[in-house]
Amino acid sequence: MHVRPLHDRILVQRLDEGEQQIGGIIIPDSAKEKPQRGKVIAAGNGKVSDDGGRVKLDVKAGDTILFGKYSGQEIKLDGVEYLIMKEDEVLAAIEGASTTTTGTTKGRTTRKGR
C-alpha cells in the first residue's frame, strides 16, 4: 500500500533504540519509553503559503529525524506501526545517520556503513 501524506505532513517509522538496561536489569517492553527517533517514509508536497505557492519541506523520505514524546498520530498500515505528524513537530534531522560507531580497535574507532 502506498501512502502519500498531504500538505506539510510526514509518515514516520520509529527506529528501535535497542535493549534498555538499568543496572543490569532488563526493562520489559510494557515499561519502555517509545523511541523518539525515526525514519521518514514519505513526505507531503509542502504547506500552501498565503500567496498560493508551496513552501517545500526541510525533510524528505529517507531522512532520520528526532521528534518529541507526544508528537504525531499513531496509525497501523499492513500490520506496521507508523506516525503521521506535521513537519513542525520534527525537532531535528540527523545528518549522516547511516554511519554508526560499532566499537574500538587499539584506540581507533571503527565505523560501520561507510
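## A quick tour of an all-strand chain

Lys60 is exposed, with a relative accessible area of 53%. That makes Lys60 an easy residue to start from, and keep in mind as you look around that this is a predicted model. What does Lys60 pair with? Its partner in a salt bridge is Asp63, with the closest N and O atoms 3.2 Å apart. Asp63 itself counts as buried, at 14% relative accessibility, because buried here means under 20%.

**The chain as a whole**

How many helices and strands does the protein chain have? Zero helices and twelve strands. Read from the N terminus, the elements simply go β-β-β-β-β-β-β-β-β-β-β-β. Of the 114 residues in the protein chain, 23% are buried. The chain exposes about 8500 Å², and carbon and sulfur atoms supply 48% of that area. Now take the contacts with a separation of 6 or more: residues 24 or more positions apart account for 58% of them.

**The sheet**

Six strands come together in an open sheet, in the order E8-E9-E1-E4-E7-E10, and the pairing is antiparallel. Which strands stand at the edges? They are strand E8 (73-77) and strand E10 (90-94); each has a single partner strand, so one side of each is left without a neighbour in the sheet. From one strand to the next, the twist averages 40°. In case sheets are new to you, their strands pair through backbone hydrogen bonds, either parallel or antiparallel.

Let's follow one of those edges. E8 pairs with strand E9 (residues 80-86) in the antiparallel sense, over five bridges. Two pairs of residues help you line the strands up: Glu74 has Leu83 in E9 as its bridge partner, and Gln73 stands opposite Ile84 in E9. E8 and E9 form a hairpin with two residues between the strands, and in this hairpin Asp78 takes a positive phi near 50°.

**Charged pairs**

How many salt bridges does the structure hold? There are four, and the table includes the one with Lys60 from the opening.

| Salt bridge | Closest N to O distance |
|---|---|
| Asp8 and Lys47 | 3.9 Å |
| Asp88 and Lys47 | 3.9 Å |
| Lys60 and Asp63 | 3.2 Å |

Asp8, Lys47 and Asp88 belong to one network, joined by salt bridges that share partners. Start with the side chains of Asp8 and Lys47, which meet at 3.9 Å, N to O. Asp8 lies in the segment before strand E1 (9-14) and Lys47 in strand E5 (residues 47-48), so this pair ties together parts that are 39 residues apart in sequence. Asp8 is buried, with 5% relative accessibility, while Lys47 is partly exposed at 40%.

The other link runs from Lys47 to Asp88, also a salt bridge with its closest N and O atoms 3.9 Å apart. Asp88 sits in the loop between E9 and E10, and Lys47 is in strand E5, so here the parts tied together are 41 residues apart in sequence. Is Asp88 buried or exposed? It is exposed, with a relative accessible area of 59%.

**A buried valine in a loop**

Next, find Val59, in the loop between strand E6 (54-55) and E7. Although it belongs to a loop, Val59 is buried, with a relative accessible area of 8%. Which residues is Val59 in contact with, leaving aside its neighbours within four places in sequence? They are Ile10, Ala43, Ile65 and Glu87. Val59 and Val40 are 19 residues apart in sequence, and their C-alpha atoms are 7.8 Å apart in space.

**A nonpolar patch outside**

Finally, turn to the surface. Leu66, Leu91 and Ile94 make a nonpolar surface patch of about 260 Å². Where is Leu66 found? Look in strand E7 (residues 64-67). Leu66 is partly exposed, with a relative accessible area of 34%. For a last look at E7, go back to the sheet order, where E7 stands between E4 and E10.

How values were computed
Residues are numbered from 1 along each chain as its sequence is written. This is a predicted model: local features need pLDDT of at least 70, side-chain atom pairs count only at pLDDT 80 or more; totals for chains, interfaces and linings use all residues. Side-chain values use heavy atoms; hydrogens and water are left out. Helices (H or I, at least four residues) and strands (E, at least two) are DSSP runs, numbered from the N terminus. Buried means under 20% relative accessible area, exposed over 50%, partly exposed in between (1.4 Å probe, protein chains only). Contact means heavy atoms within 4.5 Å. Accessible areas come from the Shrake-Rupley method with a 1.4 Å probe; for residues, only the protein chains shown count as cover. Patches are made of residues with over 30% relative accessible area and no salt bridge: like charges are joined within 9 Å, nonpolar side chains (Val, Leu, Ile, Met, Phe, Trp, Tyr) within 5 Å. Two strands pair if DSSP finds at least two bridges between them. Axes are lines fitted to C-alpha atoms, for helices over the stretch in contact, and angles run from 0 to 180 degrees between N-to-C directions.
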